[in-house]
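Subject: Structure for you to look at

Hello,

Here is the structure I promised to pass on. Please open it first, then read my notes below.

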Amino acid sequence: MEDTKKPKLKKTDAEWREELTEIEFQVTRKAATEAPFTGEYADTKTPGTYVCKCCGEPLFSSKTKYESGCGWPSFYAPVDMENIDTKIDRSHFMIRTEALCSNCDAHLGHVFPDGPHPTGQRWCINSASLKLNEDTEE
C-alpha cells in the first residue's frame, strides 16, 4: 500500500530563527512555554482559523475556543486530528500529552482530559505557536 502522507517540513534551527521571533522559536522549536496570560491570543474572540505559526497548517477554529482560565488559548477540538500529532511528555516531573503540528513538528502545547463538552478535551496552546487567519472559518 502506498503512503500518501506528505513529507514533514524540515528546516535547520538557523532557518527557523530567520523566520520566527525568539519566543516563537523557543516555543515551537524547543518546546518552551510562554508565560500564562501573556500570549497574543489568550483573550481573543475574533472569528477565524488558528494556523501553525511555522507552516500555516490549519489547527483550530475560533468556534471551538473557550475560556478555560488556564492563561493560554484553549480549544475543545482541533480542526482536523490529522493536522496534529501527540506524544507523551515527561518533562517537569509530570506526565502530559504534548500537541505538535503534524506538518512541521512545531510544539503547540498540551491536551488535557478536563475540557468541556462535546469532547471533554482542553487543548491548551501557546499563542506563540499560532497565527489567526481572521474570518476563514472551516
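A contact here means heavy atoms within 4.5 Å. Keep in mind that this is a predicted model.

**The core**

Start with isoleucine 125. Which residues is isoleucine 125 in contact with, leaving aside its neighbours within four places in sequence? They are Phe60, Trp72, Pro73, Phe75, Ala99, Leu108, Gly109 and Leu130.

Ile125 also belongs to the largest nonpolar core. That core has 21 residues. Those with the most contacts inside it are Phe60, Trp123, Ile125 and Leu130. Several strands supply this core. E1, E2 and E9 each give two or more residues. So much is also true of strand E6 (96–101), strand E7 (107–112) and strand E8 (122–125).

**The sheet**

Now find the open sheet of three strands. Its order is E2-E1-E9, and the pairing is antiparallel. The edge strands are E2 (58–61) and E9 (130–134), and each pairs on one side only. From one strand to the next, the twist averages 35 degrees.

What holds such strands together? Strands of a sheet pair through backbone hydrogen bonds.

Look at E1, which covers residues 48–52. Three bridges link E1 and E2 in the antiparallel sense. Threonine 49 has serine 61, in E2, as its bridge partner.

**The cysteines**

How many disulfides does a search of the whole structure find? Zero. A disulfide is a covalent bond between the sulfur atoms of two cysteines. The cut-off used is 2.5 Å between the sulfurs.

Why does cysteine 52 form no bond with the closest cysteine sulfur? That sulfur, in cysteine 104, is 3.6 Å away, which is too far for a bond. Cysteine 54 tells a similar story. Its closest cysteine sulfur is in cysteine 52, at 4.6 Å, so that pair is too far for a bond.

Are these two cysteines buried or exposed? Cysteine 52 counts as buried because its relative accessibility is 2%, and the cut-off for buried is under 20%. Cysteine 54 is buried too, with a relative accessible area of 9%.

**A loop residue**

Last, threonine 44. Where is threonine 44 found? It is in the loop between helix H2 (22–30) and E1. Threonine 44 is a loop residue, and it is buried, with a relative accessible area of 17%. Not counting residues up to four places away in sequence, threonine 44 touches Tyr50, Lys65 and Leu132.

Best wishes

Technical notes: Residues numbered from 1 in each chain as written. Predicted model: local features only at pLDDT ≥ 70, side-chain atom pairs only at ≥ 80, totals over all residues. Heavy atoms only, no water. Pairing = 2+ DSSP bridges. Helix = DSSP H or I, 4+ residues; strand = E, 2+ residues; numbered from the N terminus. Axes fitted to C-alpha atoms, helices over the stretch in contact; angles between N-to-C directions. Buried < 20%, exposed > 50% of the residue type's maximum accessible area, 1.4 Å probe, protein only. Core = buried A, V, L, I, M, F, W, Y, C linked by side-chain atoms within 4.5 Å.
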